[in-house]
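Reader: Hey, I've just been handed this one and I'm new to it. Can you walk me through how it's put together?

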Amino acid sequence: MSKLTKNQKLALGKIEAGKAYTLKEASALVKEITTSKFDASVDVDVRLGVDPRKANQMVRGVVSLPHGTGKQVRVLALCTPDKEAEATAAGADYVGLDEYIAKIKGGWTDIDVIIAMPSIMGKIGALGRVLGPRGLMPNPKSGTVTNDVGQAVKDVKQGKIDFKVDKTGIVHTSIGKVSFDADQIRDNAKEFISTLLKLKPSAAKGTYIKSIYLSSTMSPGIKIDPKSVEEN
């Protein structure tokens, strides 16, 4: 096991063992315990009381973060020629169809999100082996398969993210950057967790939100009291 660095020891020393912090406290503390020289992402991990193996307990959704993600999201709009100007005006980084399908077949995946029109999904189906494992496959449930290409691109650029519970029952996502102020981190985390609460499957029994942890890319996790999420 590797030894802790001086900065890691200092960070751990600021977290009270066994304490569940309020979301407000954790949002300020995560900035204090982050010592990376780059602008680290702020992540939220929520363990849910669901069985993801059962279709009626799958939790998946989208959320628009009030302050965005702080990331430069590279968007590819796969659309027909009549929608290309709309996609470009909305801020898509790459716009086209057949030429990009060919590039992806060749292994190109230098993008974060793909927006596609329903009418061309037949062409994209063959890309499943490349896009699926990378989480890039367009999906109507996440709003990335739509005829309103321009609005979909704007939503993604402004901080709309999609999330899905993993096979262990945990939902993990980035909700900002350490350079955000504490209130912005709190607002984004609150919006994400509130969205999870709204998506509680009716088949899920017992405690739904089992644990919440807030961390940055290289910091320890800070345990959050779920009851504090709804506090002002």
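**Sheets, helices and a few residues**

Author: Sure, let's begin with a hairpin: β8 and β9 make one, and 5 residues sit between the two strands. Keep in mind that this is a predicted model.

Reader: OK. How many bridges join β8 to β9?

Author: There are 3 bridges, and the two strands run antiparallel. In one of the pairings, L214 faces I222 of β9.

Reader: And what sheet does that hairpin belong to, what's the strand order?

Author: It's an open sheet of 4 strands, ordered β7-β1-β8-β9, with antiparallel pairing. The edges are β7 (170-177) and β9 (222-224); each has a single partner strand, so one side of each has no neighbour in the sheet. On average, neighbouring strands here are turned by 25 degrees against each other, ignoring direction.

Reader: What packs on that sheet?

Author: Helix α8, residues 182-198, does. It touches β1, β7 and β8, and its direction makes about 155 degrees with that of β7.

Reader: Back to the strands for a sec. How do β1 and β8 pair?

Author: Strand β1 (residues 41-48) and strand β8 (residues 209-216) pair in the antiparallel sense over 7 bridges. If you want to find them on screen, D43 has S215 of β8 as its bridge partner, and R47 stands opposite S211 in β8.

Reader: Is β8 mostly covered or mostly open?

Author: Mostly covered: 6 of the 8 residues in β8 are buried.

Reader: Let's go back to α8. Which helix axis comes within 8 Å of the α8 axis?

Author: Helix α2, residues 23-32, has an axis that comes within 8 Å of the one of α8, and the two cross at roughly 125 degrees. That angle makes α2 oblique to α8. The crossing of α2 past α8 is right-handed.

Reader: Which residues make that contact?

Author: From α2 you have L23, K24, S27, A28, V30 and K31, and from α8 you have A182, I185, R186, A189 and K190. Sorted by class, the contact of α2 with α8 holds 6 nonpolar, 1 polar and 4 charged residues.

Reader: A28 is in that list. How exposed is A28?

Author: A28, a residue of helix α2, has a relative accessible area of 30%, so it counts as partly exposed. The range for that class runs from 20% to 50%.

Reader: And how far is A28 from I114?

Author: Their C-alpha atoms are separated by 34 Å, and along the chain A28 and I114 are 86 residues apart.

Reader: New topic. What's the order in the sheet with 3 strands?

Author: That open sheet has the order β4-β3-β5, and its pairing is parallel. β4 (94-96) and β5 (113-116) are the edge strands, each pairing on one side only. From one strand to the next, the twist averages 15 degrees.

Reader: How many bridges are there between β3 and β4?

Author: Strand β3, residues 75-78, pairs with β4 in the parallel sense over 3 bridges. L78 has G96 as its bridge partner in β4.

Reader: What helix packs on this sheet?

Author: Helix α4, residues 98-105. It touches β3, β4 and β5, with its direction at about 115 degrees to that of β4.

Reader: What about α3 and α7, at what angle do their axes cross?

Author: Helix α3 (residues 81-90) and helix α7 (residues 149-157) have axes that cross at roughly 20 degrees and come within 8 Å. The cut-off for roughly parallel is under 35 degrees, and α3 and α7 therefore count as roughly parallel to each other. α3 passes α7 in a right-handed crossing.

Reader: Who's touching whom there?

Author: K83, E86, A87 and A90 of α3 meet V149, G150, V153 and K154 of α7. The residues of that contact of α3 with α7 split into 4 nonpolar, 1 polar and 3 charged.

Reader: Last one: is A85 buried or exposed?

Author: A85 is found in helix α3 and is exposed, with a relative accessible area of 60%. Its C-alpha atom is separated by 26 Å from the one of A126, which is 41 residues apart from A85 along the chain.

Technical notes. Residues are numbered from 1 along each chain as its sequence is written. This is a predicted model: local features need pLDDT of at least 70, side-chain atom pairs count only at pLDDT 80 or more; totals for chains, interfaces and linings use all residues. Side-chain values use heavy atoms; hydrogens and water are left out. Two strands pair if DSSP finds at least two bridges between them. Axes are lines fitted to C-alpha atoms, for helices over the stretch in contact, and angles run from 0 to 180 degrees between N-to-C directions. Contact means heavy atoms within 4.5 Å. Angles under 35 degrees count as roughly parallel, over 145 as roughly antiparallel, 65 to 115 as roughly perpendicular and the rest as oblique. A crossing is left-handed if the near helix is turned anticlockwise from the far one by less than a right angle, and right-handed if clockwise. Ala, Val, Leu, Ile, Met, Phe, Trp, Tyr, Cys and Pro count as nonpolar, Asp, Glu, Lys and Arg as charged, and the others, Gly among them, as polar. Buried means under 20% relative accessible area, exposed over 50%, partly exposed in between (1.4 Å probe, protein chains only).
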